[in-house]
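Colleague: I am new to reading models of this kind, and I would like to learn how to go from a picture to careful statements. Could you take me through some features one by one?

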Amino acid sequence: MNLFASRDDLIRWLGSLLQERIVVAPVRVQGQTMFQPISQIEEIAFDFDNTTLSPKGWFLPPTETLFSLQRDDGQVELVPTLAEQDAVLFGLHPCDAKGIALIDKPFLQDPGDALYRERRSRTTLIGLACRQALPECFCTSMGSAPDDPSNVDILLTEVEDGYIVQAVTEKGKALLPKGLAEYKGKVPTPPKLLTVPTKEVISAMRELFNDPYWEQVGDRCLHCNICAYVCPTCYCFDMRDYTDKGKVERVRSWESCQSPGFSLTAGGYDPRTTKGERLRQRFYHKLLYFPEQFQDVACVGCGRCVRDCPVNIDIREVISNLQQVMEAKSGS
Amino acid sequence: MGPESPFIPYLATLKTATQLTPDIKLLSVELEDPDVRASFDYKPGQFALLSAFGEGEAPFGIVSLPRQKDGLEFAVRRIGTVTRALQELEPGETLGVRGPFGNYFPLEDYMGKNIIIIGGGIGMAPLRPVINRILERRDDYGDLVIINGARTPQDLVFQPEFPTWMEAPRTRLELTVDKGDEQWKGRVALVPDVVKELALSPDNAIAIICGPPIMIRFTLTGLRNLGFKDNQIVTTLEAKMKCGLGKCARCNIGENYVCQDGPVFTLEQISQFLEQP
Amino acid sequence: MGQGARFEMDMELIQQIRDKARKLLEEGVVEGVIGYERATDGLTSRPLFAYNPPATERLIFDETCAHNLVKYLLDKKGKKMAVVVKPCDSRAINLLLNEGQIERDKVFIIGVGCPGMVETNWNHKSETLQVKCRSCQLSKPLVYDFLAGQEIERQTEEETYSDIAEAEAESLTTRREFWMEQFGRCIRCYACRQVCPGCYCPVCFAERLEPLWVGIRIAPEENEMWQTIRSFHLAGRCIGCNECERVCPVDIPLSLLNRKLEKDVKELFAFQAGLDPEEQPPFATFKKEEKLEFGE
Amino acid sequence: MSMEYQPKVIGFLCNWCSYAGADMAGTSRMGYPQNIRIIRVPCSGRVDPLFVVKCFQRGADGVLVSGCHPGDCHYTEGNYHTRRRFALLREFLDYLGIAKERLRVEWVSASEGQRFSDLVSDFTAELAKLGPRSKV
């Protein structure tokens, strides 16, 4: 049942939430929009196209301490980091919410990552449906939609003088402000997006592993980590210990398959040495291995990698190229 | 992150550290918590992630046999920051153990078969528990041929156990080095050449190989030439690993996560990998 | 505002590039041609590797072709490649020749006069020239084998490093807070390193574990360590193509670091990188008699 | 000096001149403030700007790079390179908000024990005035 909240209702409601829990919301930073914990409501940017980084950083931060080691009189004790505070993640678009749902699959799969699970359970997702699409968006081709409520606890859809409020889960209902009137007006139609033909891509991927196409695309790739770090569904990480703050800490940080040495073994052997092999791993993990393991494509069509790749390696173009190569192969 | 977080290692104490070769030490480790010690059950081929607190974690094959009285054993070759820190631990110091991870050598399926064990350098480590398990139940298995190669004589791993291996019934230990020295009386040859020279029969036989990729590649051709089929050749893959939990995707080779689907694979399985390791 | 001949698509120049590229491939002079082609936003451009004559038809050149293609030569060592080179990019050729990373006879340089590149983002082409182009004096590349189109005299104002002087005039605390805020936003994607023609170490100091110079924490302190040393490693070597700033996904003003060092190197050692492949860079040489504020 | 702020100073001393000079200051009881932790290097030319920036990142309040007087370098040209490197690095660190006074390059020969002692005392005093690095 859709409710209605005016702009002021929303501000008041978020203000009350801010009193008792962390509120992570899109904030304008140096001309960009980033998800950050806020200290006052005024910091929230309500009108933004897309954030630079995805909200996955709240559940899998760029850097975090997994546990620290306390040594008292020789006895060693490992103190895990705990996620002790309830939180609200406000303003994420449906594609990012699906990104989080996709990362849930490996991280909650037994043996689940307890810290990640704790953060997920303590955080309520308040989504913001998209009123217009950007040229790089292609969520509808990736199993999501501008108004897809399925991965958020509450979905807001902006209308003239306020927001349609749709409580999707019990967790969301529990957080709703009291006394919101029912919304009887028209639900705005979501924006149309151009579609990317993805159905055949998985079978094409199986065939084209050793195709020279990957070396061609790999030629211009710089092998930086931009595409992986802005991506809502990339979750690879690295772990190392630190002793510089007076105690031993095991730190987990973002890592990307494009980094040098990502698959380098201690003996010095590296299964991926050429540029094409390394770039190929990004697309195979997203479009073949993850789907085979978790029955869903690890791309939500948010378009961030398309927007930020310095040399325009565009996953939509790669997907359509694969099908052209397949047709050429089967046709000829 | 409650205690059951898979990223928190079990605490363990180093009991003994014996120098096997100039750069390899055998660490014998005991899990501190008795309940964990009791429940830590594993099979030959599985591995654990050892934590040298202050440096980090790295995967090591468990080279002891389960229920062995003196705890878990790992052969650690000094090759980087974590291995250096592990080798510098003094007995009584604390380290971390996470695991057991991965699959294992299906030794029950090999019962009654002739077993050929081919190890190169530190590659011998994950094969040691296989040998000792076969010697423990010698009659369940056919002939056992062990080919252990290394760069130089002192690089041969597990030398203290060579006598037991040699004297075991229906068992042959063939040692070889790339480069001998004055005292060395034995064979000086590359492992693949030894395989060719021994002309081992593939009938009712399983070959288990572990070692540097270059050695594996040439040994495989040798075995194939002798008539070994791909499902008769087993290896344990060395891949970059970080979490051991199928999450960090470091060991994602082709559609497999070596830390969960492996590290033990038959050559037949590997040849179907989309991405060759 | 520097102007120069503003042109969207100078088809005459583009045709010259395409013809030259096709001839080089047909005659087997080179194995591949590295140039620019239209990006998928239909507005900006991206690098193109053409290995066969038909692919050369996709070559273009306009005011969005900001990428410095010279670094790609490092991935094609031993192969003879042709590369489209703007005047600023040509300084990267001189740098890599000076540092022995490329062989002159393995590179066929298709030089182009440059009207100045505009600031672009994904799906957006602005009218304003990039910072580096507003003070660029080079009418054609310093080195080339073939010049497509003709020289373009640049009516630009002298590089006065006015923004650097402004920053220097700030108080120490202001500068500290400014840079710690900027470094705080770095996500260590290393795009600034991967795009830089001067960054080609087999193992970057940031990847070293022993000693652990930087480490994997993506945090202000580690980021400061990374950015400070990365830019200092380019002191006297940075050729000012400013690709690092263009590719930075969090818009850190990296040119404020590079051009500060560029200014100081000019003042202290009267040297500018990439102008002459034979001249020794500042840290590879010295003058006995120079005092450099240390009294002796 | 009482319990108030004690600057932490890292000193990279070239083995042939400055380290010997510091030794002489010690053996002939001239003494120098123990704020300085001395790291012996073969030549001042061995000191990589990476070391200096790492010292500051890990909390040093001041860094001293000291070698033979230009012309006396045991390796003939080590200190010439030192001069160039740190002339540029000092400016750059100051630009980034690390006061240039916190990085000193001094030439101290093996016989200048007194000069070394005075130098360290003067440097420590100046750093005490500047205050801890966290306060820039």
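Modeller: We will go through a chain, a contact between chains, a helix and a pair of domains, bearing in mind throughout that this is a predicted model.

Colleague: How many helices and strands does chain C have, and what fraction of its residues count as buried?

Modeller: The secondary structure of chain C comes to nine helices and seven strands, and of its 296 residues 49% count as buried.

Colleague: What does the radius of gyration say about chain C?

Modeller: The general idea is to set the value beside the one expected for a compact globule with that number of residues, which for 296 residues would be near 19 Å; chain C has 20 Å, which agrees. Along the principal axes, the C-alpha atoms of chain C fill a box of roughly 60 × 40 × 40 Å. Among the contacts in chain C with a separation of 6 or more, 70% are accounted for by residues 24 or more positions apart.

Colleague: How many residues does each of chain C and chain A bring to their contact?

Modeller: Chain C gives 27 residues and chain A gives 36 residues. On the side of chain C that touches chain A, strand E2 (45–50) and helix H6 (191–195) of chain C each supply at least two residues. Sorted by class, that side of chain C has 15 nonpolar, five polar and seven charged residues.

Colleague: Which residues of helix H2 of chain D are buried, and what do they pack against?

Modeller: As a general idea, an α-helix has 3.6 residues a turn, so residues three or four places apart point the same way. In helix H2 (residues 49–57) of chain D, the buried residues are D:Pro49, D:Val52, D:Val53, D:Lys54, D:Cys55 and D:Phe56. Within chain D they pack against strand E1 (9–14), strand E3 (62–67), helix H3 (78–95) and strand E4 (103–107), and they also pack against helix H7 (220–233) of chain C. Just after H2(D), D:Gly59 takes a positive phi of about 110 degrees.

Colleague: Where do the domains of chain B lie, and how many residues join in their contact?

Modeller: The domain assignment of chain B gives domain 1 (10–101) and domain 2 (107–236), with 24 Å between their centres, taken over C-alpha atoms. In the contact, 13 residues of domain 1 of chain B meet 14 residues of domain 2 of chain B. On the domain 1 side, strand E1 (10–21) and strand E5 (72–77) of chain B each supply at least two residues, and by class that side has eight nonpolar, four polar and one charged residues.

Note on methods: Residues numbered from 1 in each chain as written. Chains lettered and ligands numbered in written order. Predicted model: local features only at pLDDT ≥ 70, side-chain atom pairs only at ≥ 80, totals over all residues. Contact = placed C-beta atoms within 7 Å. Helix = DSSP H or I, 4+ residues; strand = E, 2+ residues; numbered from the N terminus. Nonpolar A, V, L, I, M, F, W, Y, C, P; charged D, E, K, R; others polar. Rg over C-alpha atoms; globule rule 2.2 N^0.38 Å. Buried ≥ 20, exposed ≤ 12 C-beta atoms within 10 Å, placed from the backbone. Domains from an automatic or database assignment.
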